[in-house]
Amino acid sequence: QVQLVESGGGVVQPGESLRLSCAASGSLLSIKAMGWYRQAPGGQRELVVNITSRGITNYADSVKGRFAISRDNPKNTVYLQMNNLKPEDTAVYYCNAVAPYRDGDYYDPRRDYWGQGTQVTVSS
């Protein structure tokens, strides 16, 4: 079991920056990857960026060069630094972790865990 708690969302103007934080707890050593997804109003949840336990990152084209993911392992926290925010970045941002899940006879080697989401609004 992995629990994720996001923070750092808010309302900013275009061109400004935000840093989102995701604190993880639970079976931390089992986490295979973490990342950020977002869901705009009326849209589908989409990948922003993820990072594997080996440090390999994968960014959506729309955020390359503007967003950066980082990890603070002692604090069990992953961050999303968002620079030069645009109105189209407005969405609920969700922290994601991939980790095994076991419950009796059920085993999922790559279950997705999600945070509660934090709202990011970019508007002039």
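Here are some questions and answers about how features of this predicted model get their labels.

Q: What makes strand β4 largely enclosed by the rest of the structure?
A: Strand β4 covers residues 33–39, and six of its seven residues are buried, so the label follows from that count.

Q: How do you know that β4 and β5 pair?
A: Pairing needs at least two bridges between the strands. β4 and β5 (residues 46–52) have six, in the antiparallel sense, so they qualify. Methionine 34 gives a handy place to look, as it stands opposite isoleucine 51 in β5.

Q: What lies between β4 and β5 in their hairpin?
A: Six residues do, and glycine 42 in that turn has a positive phi of about 75°.

Q: What makes β9 a partner of β4 too?
A: Seven bridges join β4 to β9 (residues 91–103). With a requirement of at least two, the pair passes, so β9 counts as a partner. These two strands run antiparallel, and the bridge partner of methionine 34 in β9 is alanine 97.

Q: Why is arginine 38 called buried?
A: Its relative accessible area is 5%. The cut-off for buried is under 20%, so arginine 38 falls in that class.

Q: How do you know that arginine 38 and aspartate 89 form a salt bridge?
A: The N to O distance between their side chains is 2.9 Å. The limit is 4 Å, so the pair is accepted. Arginine 38 sits in strand β4 and aspartate 89 in the loop between β8 (77–82) and β9, so the bridge ties together parts that are 51 residues apart in sequence.

Q: Is aspartate 89 buried or exposed?
A: Aspartate 89 has 0% relative accessibility, which is under 20%, so it counts as buried.

Q: What makes the contact of aspartate 89 with arginine 66 a salt bridge?
A: Their side chains meet at 2.7 Å, N to O, and the limit is 4 Å, so this pair is accepted. The two residues are 23 apart, with arginine 66 in the loop between β6 (57–59) and β7 (67–72). Arginine 66 is buried, and so is aspartate 89.

Q: Which residues are linked in a network of salt bridges?
A: The network links Arg38, Glu46, Arg66 and Asp89. The count of salt bridges comes to four.

Q: Why is aspartate 61 called exposed?
A: Its relative accessible area is 65%, and exposed means over 50%, so the label fits. The side chain of aspartate 61 also meets that of lysine 64 in a salt bridge of 3.1 Å, N to O.

Q: Why is serine 62 only called partly exposed?
A: At 42%, serine 62 is neither under 20% nor over 50%, so it takes the label in between. Serine 62 lies in the loop between β6 and β7.

Q: What makes the approach of serine 62 to arginine 38 a polar contact?
A: Their side chains come to 3.3 Å, and the limit is 3.5 Å. The C-alpha atoms of serine 62 and aspartate 89 are separated by 9.0 Å, although these residues are 27 apart along the chain.

Q: How do you know that threonine 118 is buried?
A: Its relative accessible area is 11%, which is under 20%, so threonine 118 is classed as buried. This residue is found in strand β11 (residues 118–122). Its side chain reaches the backbone nitrogen of glycine 9 at 3.2 Å. Among the residues that threonine 118 touches are Glu6, Leu20 and Tyr93.

Technical notes: Residues are numbered from 1 along each chain as its sequence is written. This is a predicted model: local features need pLDDT of at least 70, side-chain atom pairs count only at pLDDT 80 or more; totals for chains, interfaces and linings use all residues. Side-chain values use heavy atoms; hydrogens and water are left out. Buried means under 20% relative accessible area, exposed over 50%, partly exposed in between (1.4 Å probe, protein chains only). Helices (H or I, at least four residues) and strands (E, at least two) are DSSP runs, numbered from the N terminus. A polar contact is a pair of N or O atoms within 3.5 Å; within protein, one must be able to donate a hydrogen and the other to accept it, and residues adjacent in sequence count only if both atoms are side-chain atoms. Contact means heavy atoms within 4.5 Å. Lists of a residue's contacts leave out its neighbours within four places in sequence.
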